Amino acid sequence: PVSSEVLSAPQTNGDIVVAQTVDDKLVALEYSDGTQRWIYETTQPALTLRGTNRPVITSVGTVIAGFSNGTMVSVAAEDGIWRWEERIAIPEGRYDIERVIDVDGQLLLDGNRILAS
């Protein structure tokens, strides 16, 4: 029930399993039977790196993930509703290869801070 390849390990909180696909979709599946609960998608730039980061399910009921368009997004774990979005990098350069700004590194939560690369 996912639209494309999943390169990083899916995450679970015992209620849902969340996976990020290489086509910039965040998919939540029911833990019990694998049916799709919700999907969140972003726009994908012309050129991206082959990779995704591992989404993070927080203790306050949100899912945080970074995308190939240089943004980090938080959605509600229950229904996938957008909570906030933050631009991590701004594409610069004349050519597509210069404008690659994927957020593919592991996200790290440190108290109230999130570190992304």
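**Exercise 1.** Which residue in β6 does V56 stand opposite?

*Solution.* Let's take this predicted model one strand at a time. Start with the pair of strands: β5 and strand β6 (residues 62-66) run antiparallel and are joined by 2 bridges. Two bridges are the minimum for a pair, so β5 and β6 count as paired. Now look across from V56: the residue opposite in β6 is I64.

**Exercise 2.** Place β5 in its sheet and find the edge strands.

*Solution.* The sheet is open, and its 4 strands follow the order β5-β6-β7-β8 with antiparallel pairing. Next, check the ends of that order: β5 (56-57) and β8 (82-87) are the edge strands, each pairing on one side only.

**Exercise 3.** Work out why β1 and β4 each have one side without a neighbour in the sheet.

*Solution.* Begin with the order, β1-β2-β3-β4, in an open sheet of 4 strands with antiparallel pairing. β1 (11-12) and β4 (36-41) stand at the edges with a single partner strand each, so one side of each is left without a neighbour. Then move inward: strand β2 (residues 16-20) and strand β3 (residues 25-30) run antiparallel, joined by 5 bridges. Within that pair, I16 has E30 in β3 as its bridge partner.

**Exercise 4.** Describe the largest pocket by volume, lining and residue class.

*Solution.* First, the volume is about 150 Å³. Second, the lining includes T62, I64, W84 and R113. Two or more lining residues come from each of β6 and β10 (113-115). Third, sort by class: the lining has 5 nonpolar, 5 polar and 1 charged residues. Nicely, I64 returns here as a lining residue, having already appeared opposite V56.

How values were computed: Residues are numbered from 1 along each chain as its sequence is written. This is a predicted model: local features need pLDDT of at least 70, side-chain atom pairs count only at pLDDT 80 or more; totals for chains, interfaces and linings use all residues. Side-chain values use heavy atoms; hydrogens and water are left out. On a 1 Å grid over the protein atoms alone, a cavity is a set of points where a 1.4 Å probe fits but cannot get out, and a pocket is an open set with protein on both sides within 12 Å along at least five of seven lines; lining residues have an atom within 4 Å of a point. Grid points are joined across faces, edges and corners, and a volume is the space filled by probe spheres set on the points. Ala, Val, Leu, Ile, Met, Phe, Trp, Tyr, Cys and Pro count as nonpolar, Asp, Glu, Lys and Arg as charged, and the others, Gly among them, as polar.
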